Amino acid sequence: VHVRAGRDGSGRSLDPERFTILSDELGSPAAVRIRRGTRLEVGDVVGTVNRFAHVHLGIGPRSGDVNVLRFSLDGFSDRVPPTIPPRGISLFDETGTELRPTRARFVASGRVAIVAEAWDRVDGNRRSRRLGGYRIGYQVLRRDGLPAPGFDEPRMTMEFDRLPATTDAGSIVYAEGSGIRAYGSRVTRFRYVVTNEVRDGRASAGWWDTSRLPPGEYRVRVVAGDISGNTVSRDVAVTIVPSAAAPSPISR
């Protein structure tokens with residue numbers, strides 16, 4: 001929708017033998033017709049970027065688009081790691097109540113949702129540009145910095161290799177407060193529910209069950225990466241205490 005299909009920057013046909021410009025009653029371009037049997041080869045120019053200065057490219061069915069960055073795009077480079085801002089990690093209990101840290105340490109029990117704000121940029125972007133990341137996950141470390149049982153490696157719970165087909169995928173991926181400026185937000189924010197899982201076109205809710213670890217002091221490390229292999233991490237301190245009573249499960 002942001003491309004002058006079949007036209008140059010002045011609105012003229014790139015190739016009248018291939019692209020016929022159809023105009024409306026006011027003389028403005030309304031559609032582009034391509035003759036049946038026309039063959040397009042890789043590298044052929046099929047349009048020019050319009051005043052919105054960006055392009056949407058989709059590959060695959062509408063119910064499961066493939067991440068186009070998995071392919072080699074001419075001129076694309078990314079040496080900029082994602083960003084997890086200070087205080088970008090939040091914890092919520094099963095009722096949806098946010099846990100407030102005391103002296104920079106959270107106190108948690110039972111099942112917990114981890115929410116992390118993160119964004120990415122690629123080479124050439126303005127510093128104010130914010131893009132979604134490619135993968136994000138978490139790891140639990142003991143007080144001495146060694147991995148806690150079951151967390152020898154970070155659990156990369158979200159990997160955006162394929163668009164999930166479920167209609168509720170957005171609410172599984174993003175926590176409240178997420179939004180982009182094009183829809184009225186003051187700043188673009190990606191707040192990922194890191195304890196949920198998204199990969200291979202599927203999305204499902206999940207939790208960090210703190211009761212599976214002995215009570216004590218730990219660190220939760222959130223790891224975010226882009227498709228080019230750049231990564232970033234940020235830690236928060238968490239004290240696990242025994243649950244007073246097992247809460248009833250709720251849906252998120």
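Buried means under 20% relative accessible area, exposed means over 50%, and partly exposed covers what lies in between (1.4 Å probe, protein chains only). Met156 is partly exposed, then, because its relative accessible area is 22%. This is a predicted model, where local features need pLDDT of at least 70, side-chain atom pairs count only at pLDDT 80 or more, and totals for chains, interfaces and linings use all residues. Residues are numbered from 1 along each chain as its sequence is written, and side-chain values use heavy atoms, with hydrogens and water left out.

Met156 sits in strand 10; strands (E, at least two residues) and helices (H or I, at least four) are DSSP runs, numbered from the N terminus. Leaving aside residues up to four places away in sequence, Met156 touches Arg135, Ile136, Gly137, Arg199 and Val223, a contact being heavy atoms within 4.5 Å. Asp168 is 12 residues from Met156 along the chain, and their C-alpha atoms are separated by 20 Å.

Next come the aromatic rings. The whole structure holds five aromatic pairs. Rings of Phe, Tyr and Trp (its six-membered ring) pair if their centres lie within 6.5 Å, and planes under 30 degrees apart count as stacked, over 60 as edge-to-face and the rest as tilted. One tilted pair is Tyr138 with Phe151, at 5.7 Å centre to centre and 50° between the planes. These two come from distant parts of the chain, 13 residues apart: Tyr138 is in strand 9 (residues 135-142), and Phe151 is in the loop between strand 9 and strand 10 (155-159). Both Tyr138 and Phe151 are buried. Another tilted pair joins Tyr174 and Tyr192, with 5.5 Å between centres and 40° between planes. Here Tyr174 is in the loop between helix 1 (169-173) and strand 11 (191-193), while Tyr192 is in strand 11, 18 residues apart. Tyr174 is partly exposed at 32% relative accessible area, whereas Tyr192 is buried at 2%. Phe160, Tyr174, Phe190 and Tyr192 make up one aromatic cluster.

Charges turn up over rings too, which takes NZ of Lys or CZ of Arg within 6 Å of the ring centre and within 35 degrees of the ring normal. Arg155 lies over the face of Phe151, at 3.9 Å from the ring centre, and Arg130 does so over Trp119, at 3.6 Å.

What about salt bridges? A search of the whole structure finds 16 of them, each being a side-chain nitrogen of Lys or Arg within 4 Å of a carboxyl oxygen of Asp or Glu. One of these pairs Arg79 with Asp123, their closest N and O atoms being 2.9 Å apart. Arg79 is in the loop between strand 4 and strand 5 and Asp123 in the loop between strand 8 (111-117) and strand 9, so the bridge ties together parts 44 residues apart in sequence. Arg79 is exposed, with a relative accessible area of 68%, but Asp123 is partly exposed at 21%.

Arg105 and Glu217 also meet in a salt bridge (3.8 Å, N to O). That pair links strand 7 (residues 105-108), home of Arg105, to strand 15 (residues 216-225), home of Glu217, 112 residues apart. Arg105 is partly exposed at 23%, and so is Glu217 at 33%. Salt bridges with shared partners join Arg105, Arg143 and Glu217 into one network.
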